[in-house]
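Colleague: Could you show me how to read a protein model, one feature at a time? I am new to this and would like to follow along.

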Amino acid sequence: WRVRKDGSRFYSHILISPMYDYDRKLIGYIKITKDLTENKILEDRFSMIVESAPVAMIMINESGDITLVNNQLERLFGYSRAELITQKVEVLMPEDLRKGQVTQRDKYISNPISRPMGEGRELFGVSKTGESIPVEIGLSPIQTDDGLFVVASIIDIRERLRSEALISSREAAIKASDMKSRFLANMSHEIRTPMNGILGLLELLSDTKLSQDQVEFVRDIERSSKSLMNIINDILDFSKIEAGKMNLRVESFKLEDLLKSVKAMFGHQVTNRNLKLDFIAPKLDYHLVSDRVRIEQILINLINNALKFTEEGEIIVQAKIVQDEGDYKRCYFEVKDTGKGIPEEMIDYLFEPFSQLDETSSRKFEGTGLGLSICKRFVNLLNGSIGVVSKEGEGSTFWFELPVQKSDLVPPQQKISEHREGQISSLNGKKVIVAEDNEINQIVVKKMLNKLGIDADVANNGRELLDKLNSNAYDLVLMDCQMPELDGYEASQATRRSEKAFKTIPIVALTAHATEEDRQKCLNSGMDDYLSKPINRQQLKEMLTKWLEK
């Protein structure tokens, strides 16, 4: 600092040189003073900007010497500025890259506007402790009286790379989950199609004159086939729940009717066993509102589990209202058996996916190990709770509890059935066309329709269906979805777009695609209703009665 005559201060650069006479005798000094006040102000401002920058910053000269660093750079690399000033910038780079970095730096210095140094390459810094740090670097050349300087802003991208890796991993997981869901849905379709033929032919066979042995054989084949379908349904349900694609379908129903429906599925399984199956429920004067289908699935899984592990004694299925607050209630269900019970150490794992009591190769009981896991996930979807009380050798009690609403409305299905009481419902003389490309399923469905008194015709694909609709009068279409040339969705859309009289004909999907998304896709394409394969004659009769009586 120097002071002017008027007392003001200025920042100066001073050069002092000695003066000699011809005899080399020192006779004085020359002092050159340069006012650097403006430069100092700019330098201070620049240093302040660099110091307050949210990223690490460093300045080097043409030789690659570090002339300035900020506190963010100190924190990032672990060096103090005293340790870095006058060091070559390569000290902050991996040793195996330093030689190449010198070449890159010199190239940039010779042409600083060409492109950023290191562009297009992965860049890494190295801390004082030797830690490798992935970074992004922005370079800004500054031309001064003292030559070219380069200011580099350095961004630590470790967190961003971790986030990108997590996002990439999540996207890969979602893609894998979607691929798995599609695979399982396709697998389900490919199995359901022949299973529809097997179960349909078994039902038709059971209507013929059979010996007692043949009746038993048919029953055993049917039981094995339904067991296979249960496995397929479990896997498909589990996949949908995992993928977050399981939607609830809330409806009004009678508790007593729900238990009757479940009981009807198990009558034949206890007939020839030393086993008693009882259902206990209060007679309520109102209906409940919840997802009836999911509740039935939970009960079916729990009863199947009890039947599997109970050789003799009894299984009691009970339902009751345990909390009653006006229209909001809690419904409690339990399945109690006198079976082998569960070891205490296994209880905590029972509701985990693929968990089984006996996982040895010689295990007696079959199954996927998904049933109880699916029960728990359904209960969670319904905002309920589930558990088990068991003691080895003394049986088990599986229970679940769900919030439900009270409804005084009669469910639509019950209104229909009540309307039909006293009527002679007849499908005789009705004419139905079946759009189906599988030959076995054509035979099965056609024979089922004939037994219901319905005249049935067959179309091998959607295009053939449209041709037949143009030249014949039909009362209803049973539509497979996956067909060659023109599939069921396209055929339905073409039917609804047509200006012909058949554009309003009822179309019922009869398909091996069995998910809720598949059902919705059918309805969106113009179909009126949906049946998933495999079907039986009673299901077919109820669906046809519903639409043909309209």
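**Reading the model together**

Modeller: Let us begin with one pair of residues: Phe 333 has Phe 400 as its bridge partner in strand E16. Keep in mind as we go that this is a predicted model.

Colleague: Which strand is joined to E16 there, and by how many bridges?

Modeller: A bridge links residues on two strands, and two strands pair if there are at least two bridges between them. Here strand E14, residues 328–337, is joined to E16 by nine bridges, and the two run antiparallel.

Colleague: Which other strands pair with E16?

Modeller: One of them is strand E15, residues 385–390, which runs antiparallel to E16 and is joined to it by six bridges. Val 388, for example, has Phe 398 as its partner in E16. Another is strand E12, residues 287–290, which pairs with E16 (residues 396–407) over three bridges, again in the antiparallel sense. In that pairing, His 287 is matched with Ser 407 of E16.

Colleague: How many residues lie between E15 and E16?

Modeller: Five residues lie between them, and the two strands form a hairpin. In the turn, Gly 393 has a positive phi of about 90°.

Colleague: Which residues other than glycine have a positive phi?

Modeller: Arg 24 is one of them, with a positive phi of about 65°. Arg 24 sits in the loop between E3 and strand E4. Glu 485 is another non-glycine residue with a positive phi, near 70°. Look for Glu 485 in the loop between strand E19 and helix H14.

Colleague: Are those two buried or exposed? I will take Arg 24 and Glu 485 together.

Modeller: To decide, look at the relative accessible area: under 20% is buried and over 50% is exposed. Arg 24 has 62% relative accessibility, so it counts as exposed. Glu 485 is exposed too, because its relative accessible area is 61%.

Colleague: And why does Ser 12 count as buried?

Modeller: Ser 12 has a relative accessible area of 15%, so it falls under the 20% cut-off. Ser 12 lies in strand E3, residues 12–20. Leaving out residues up to four places away in sequence, Ser 12 touches Arg 2, Thr 33, Lys 34 and Leu 36.

Colleague: What about the nonpolar core? Which residues touch the most other members of the largest one?

Modeller: The largest nonpolar core has 43 residues, and those touching the most other members are Ile 295, Leu 299, Val 317, Phe 333 and Phe 400. You have met Phe 333 and Phe 400 already, as bridge partners. Elements giving two or more residues to this core include helix H7, strand E11, helix H10, E14, E15 and E16. Helix H9 gives the most, with eight residues.

Colleague: Which residues does Ile 295 touch?

Modeller: Not counting residues up to four places away in sequence, Ile 295 touches Phe 253, Leu 258, Ser 290, Phe 333, Leu 382, Phe 400 and Leu 402. Apart from this core lies another, of 24 residues, among them Leu 92, Leu 123, Val 135 and Val 150.

Colleague: How do I read helix H9 itself?

Modeller: Try its length, its cover and its end. H9 has 18 residues and reaches 26 Å from its first C-alpha to its last, close to the 26 Å expected at 1.5 Å a residue. H9 is mostly covered, with 14 of its 18 residues buried. At the N-terminal end, Asp 291 acts as a cap: one of its side-chain oxygens lies 3.2 Å from the backbone nitrogen of Val 293.

Colleague: Now a whole sheet, please. What is the order of strands in the open sheet of five?

Modeller: The order is E6-E5-E9-E8-E7, with antiparallel pairing. Strands E6 and E7 stand at the edges with a single partner strand each, so one side of each is left without a neighbour in the sheet. On average, neighbouring strands of this sheet are turned by 40° against each other, direction ignored. Inside it, E8 and E9 are joined by 10 bridges and run antiparallel. Pro 141 has Val 150 as its bridge partner in E9.

Colleague: Where is there a cis peptide bond?

Modeller: Look at the bond from Lys 533 to Pro 534, which is cis, with omega near -5°. Pro 534 is in the loop between strand E21 and helix H16.

Colleague: And the chain as a whole?

Modeller: The protein chain has 16 helices and 21 strands. Of its 550 residues, 41% count as buried.

Key: Residues numbered from 1 in each chain as written. Predicted model: local features only at pLDDT ≥ 70, side-chain atom pairs only at ≥ 80, totals over all residues. Heavy atoms only, no water. Helix = DSSP H or I, 4+ residues; strand = E, 2+ residues; numbered from the N terminus. Axes fitted to C-alpha atoms, helices over the stretch in contact; angles between N-to-C directions. Core = buried A, V, L, I, M, F, W, Y, C linked by side-chain atoms within 4.5 Å. Buried < 20%, exposed > 50% of the residue type's maximum accessible area, 1.4 Å probe, protein only. Contact = heavy atoms within 4.5 Å. Expected span 1.5 Å × (residues − 1). Polar contact = N/O pair within 3.5 Å; in protein donor to acceptor, adjacent residues only side chain to side chain.
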